[in-house]
Amino acid sequence: MTRVGGSLKALIFDVDGTLADTERDGHRVAFNRAFQESGLDWHWDTELYGRLLAVGGGKERIGYFCRHFLADPAEAARWTPEAIRELHGLKTSHYTALLDQGLIPLRPGVERLIREARAAGVRLAIASTTTPVNVTTLLARHFGEASTAWFEVIAAGDAVPAKKPAPDIYFLALERLGLVPEDCLALEDSQSGLRAARGAALPTVVTVTGYTRWQDLGPAEIVLDHLGEPDLPFQVLPSNADYKRSMEAADGATHFDLALADRLLAA
Ligand code: XBP
Ligand code: MG
């Protein structure tokens, strides 16, 4: 069914922090389990992990940790790109195991918005820094194996040389969709992701997490605590430059839907 009204042709979803709140209790736990299994005395607590999240990409994050947090330069030097790749592979197997156990729920409103978009003929894509298998495993766990085909493009991980906040992954998604940014809307959770999406000129909605709630999210179309449900109203946060315009577009809505997306793009 072709949707009537609105210029919106596609939603481009970030994954970590947006589809699901994956970092603190998912990725961070998987990193620590991989360190333990490898006999390393490294432990990333929630505070340190919050700081390391400034580095996009798990392999890059491990490399950054080795360069900046290991006291012994000889130990740091042992962590070659190949050694890091191997350790990160272990982390990914721990992370997908957590997903398979159903321990990482979708955030409020995510399933509702995806199903609404599909019913209205709005195309779907993914643009994420995370490893592709993490994306397909999360989607399959929550929507079934066939759901990965709902997303025409799954641009993720090492598909691009430069990770977020670089815009490369969003340029790739737009290129594969064959759309211009003005006809799309990106959904993100962090300043890094917002910078990436805006770097590709994409209007962007941000749903913050515990790690990103206090970040500067100036260029966002609207900043929300989550996408909301009819019986679980969202809160519009005064975290973007156009907060007044965001509030006017929200117009007392309780949840983010295609009508609100259209109002934001039209305003
Ligand atoms: C967030 C990231 C990823 C994850 C870890 O991705 O920066 O690196 O933290 O996943 P998103 P990997 O763009 O979805 O917010 O270890 O697979 O990189
Ligand atoms: Mg994210």
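**Largest pocket.** I looked up the largest pocket of this predicted model and noted a space of about 520 Å³. I then listed its lining: of 34 residues, those closest to the pocket centre are Glu 23, Leu 53, Arg 61, Ser 190 and Ser 192. I recorded which elements give two or more residues to this lining, and they are helices H1 (23–37), H3 (58–69), H5 (81–100) and H9 (191–199). H9 gives the most, with 4 residues. By class, I entered 6 nonpolar, 18 polar and 10 charged residues for the lining.

**Ligand 1.** I next examined the surroundings of ligand 1, where I found 19 residues. The closest of these are Glu 23, Gly 58, His 88, Ser 128 and Thr 131. I looked up polar distances to oxygen atoms of ligand 1. For Thr 131, a polar side-chain atom lies 2.6 Å from such an oxygen. For Ser 128, the distance from a side-chain N or O atom is 2.7 Å. For Asp 14, the corresponding value is 2.8 Å.

**Magnesium ion (ligand 2).** Which residues are the protein donors of the magnesium ion? I found Asp 14 (OD), Asp 16 (O) and Asp 189 (OD), at 2.1 to 2.3 Å from the ion. Along the sequence, I noted the spacing of these donor residues as D-x1-D-x172-D. Asp 14 thus appears in two of my entries, as a magnesium donor and as a polar partner of ligand 1.

**Burial of two donors.** Are Asp 14 and Asp 16 buried or exposed? I entered Asp 14 as buried because its relative accessibility is 4%, under the 20% limit. Asp 16, with a relative accessible area of 11%, is buried as well.

Definitions and conventions
Residues are numbered from 1 along each chain as its sequence is written. Chains are lettered from A and ligands numbered from 1 in the order in which they are written. This is a predicted model: local features need pLDDT of at least 70, side-chain atom pairs count only at pLDDT 80 or more; totals for chains, interfaces and linings use all residues. Side-chain values use heavy atoms; hydrogens and water are left out. Donors are N, O and S atoms within 2.8 Å of the metal (3.2 Å for Na, K and Ca); water is not among the atoms, so sites may look incomplete. Buried means under 20% relative accessible area, exposed over 50%, partly exposed in between (1.4 Å probe, protein chains only). On a 1 Å grid over the protein atoms alone, a cavity is a set of points where a 1.4 Å probe fits but cannot get out, and a pocket is an open set with protein on both sides within 12 Å along at least five of seven lines; lining residues have an atom within 4 Å of a point. Grid points are joined across faces, edges and corners, and a volume is the space filled by probe spheres set on the points. Ala, Val, Leu, Ile, Met, Phe, Trp, Tyr, Cys and Pro count as nonpolar, Asp, Glu, Lys and Arg as charged, and the others, Gly among them, as polar. A residue is near a molecule or strand if one of its heavy atoms lies within 4 Å of it. A polar contact is a pair of N or O atoms within 3.5 Å; within protein, one must be able to donate a hydrogen and the other to accept it, and residues adjacent in sequence count only if both atoms are side-chain atoms.
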